Amino acid sequence: MQKKAGVGFYLFLAIFIFIIMFPFLWILLSSVKPVAELFGDEAFNWFTNNPTVENYVSVFVNYPFLNYLWNSTVVATITTVYTVFVAAFAAYAIARLEFPGKTVILGLVLSVSMFPQIATISPIYIFMKNLGLTNSYLGLIIPYTTFALPLSIWLLVTFFRKIPFDLEESAKMDGASMMQTYFRIILPLAVPGIFTTAILVFIAAWNEFLFALTINTAESHKTVPVGIGMFQGQYTIPWGEVTAATVIVTVPLVIMVLVFQRRIVSGLTSGAVKE
């Protein structure tokens with residue numbers, strides 16, 4: 001008989017969720033406050049008696065925010081599609097095929113992902129500059145490979161390893177080639193893991209700041225994190241507009257995760273279930 005959770009569990013869960021959500025709730029409530037209430041004693045009030053959408057309007061009127069959104073969408077989408085596509089082949093080879101040096105390759109992938117961005121930004125910038133790729137989408141997509149591809153490979157290797165090897169043996173006995181087995185048997189079974197990996201890579205690329213700040217300095221090619229970071233007033237930082245912009249770029253990610261949460265959970269747990 002399944003034991004029901006007690007009141008203490010739900011109380012702890014409510015407190016935990018509140019702590020996790022507190023920063024976003026505070027930003028959301030601050031985004032609808034008049035500018036005068038964002039400073040002084042009134043800044044500590046949760047709610048305002050004069051809610052306004054002025055901050056949201058200002059974000060689109062006073063800044064090229066739609067352009068920032070478009071840039072981030074293009075860069076994050078292309079980065080996700082091509083890295084997951086390449087990582088799927090690499091992960092399949094590492095997880096399903098026998099060849100010397102598999103452990104070394106996985107170790108190299110992990111070591112690349114462990115390099116701090118600040119240590120690689122200088123040579124990457126010089127490389128992009130010499131190729132004439134600064135202030136372009138490709139100038140960000142290529143550097144994003146340094147963190148997106150290792151992340152994708154490590155996640156997908158786990159998913160591919162959990163697929164029964166008997167399926168490949170049966171396909172080979174039926175005369176299927178390696179590529180036919182991959183596309184018709186293995187890849188469909190790995191869809192939850194690929195979907196989960198794609199979402200995590202997209203979020204990582206969407207939120208990336210340092211490469212975007214250094215490589216794309218032109219206003220026309222700035223991404224959302226850099227654009228928000230560059231919000232400046234004449235004498236102070238426009239916190240109302242910053243909070244409104246933060247809500248605008250966060251809500252789509254939250255909605256995406258909520259809509260696809262079952263696929264995400266399925267993908268994350270499929271690699272943890274022992275066959």
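In the predicted model, the axes of helices α3 and α9 approach each other to within 9 Å and cross at roughly 140 degrees. Because angles over 145 degrees would count as roughly antiparallel, the two helices α3 and α9 are therefore classed as oblique to each other. The crossing in which α3 passes α9 is right-handed. On the side of α3, the residues that take part in the contact are L69, S72, T73, A76, T77, T79, T80, T83 and V84, and these meet I194, T197, A198, V201, F202, A205 and W206 of α9. Sorted by class, this contact of α3 with α9 comprises 9 nonpolar and 7 polar residues, whereas charged residues are absent from it.

One of the α3 residues in this contact is T80, whose place in helix α3 can be described further. With a relative accessibility of 8%, T80 counts as buried, because the cut-off for that class is under 20%. When residues up to four places away in sequence are not counted, T80 touches A198, V201 and F202, and these three residues are listed among those that α9 brings to its contact with α3.

On the α9 side, W206 also belongs to the contact with α3. Apart from neighbours within four places in sequence, W206 is in contact with L69, S72, T73 and A76, as well as with V224, P225, V249 and L253. Of these partners, V224 is found in helix α11 and is buried, its relative accessible area being 1%. Although V224 and S72 lie 152 residues apart along the chain, their C-alpha atoms are separated by 6.0 Å. With neighbours within four places in sequence again left aside, the contacts of V224 are Y68, L69, S72, W206 and V249.

W206 also appears in the description of the largest nonpolar core, which has 35 residues and in which F65, Y144, W206, F211 and F231 are those with the most contacts inside the core. At least two residues of this core are supplied by each of the helices α2 (54–62), α3 (65–96), α5 (117–130), α6 (138–161), α9 (191–207), α10 (210–215), α11 (224–229) and α12 (239–259). The helix that gives the most to this core is α12, with 7 residues. A second core, separate from this one, has 19 residues, among them A87, A88, Y92 and F160.

Methods: Residues numbered from 1 in each chain as written. Predicted model: local features only at pLDDT ≥ 70, side-chain atom pairs only at ≥ 80, totals over all residues. Heavy atoms only, no water. Core = buried A, V, L, I, M, F, W, Y, C linked by side-chain atoms within 4.5 Å. Buried < 20%, exposed > 50% of the residue type's maximum accessible area, 1.4 Å probe, protein only. Helix = DSSP H or I, 4+ residues; strand = E, 2+ residues; numbered from the N terminus. Contact = heavy atoms within 4.5 Å. Axes fitted to C-alpha atoms, helices over the stretch in contact; angles between N-to-C directions. Parallel < 35°, antiparallel > 145°, perpendicular 65-115°, else oblique. Left-handed = near helix turned anticlockwise from the far one by under 90°. Nonpolar A, V, L, I, M, F, W, Y, C, P; charged D, E, K, R; others polar.
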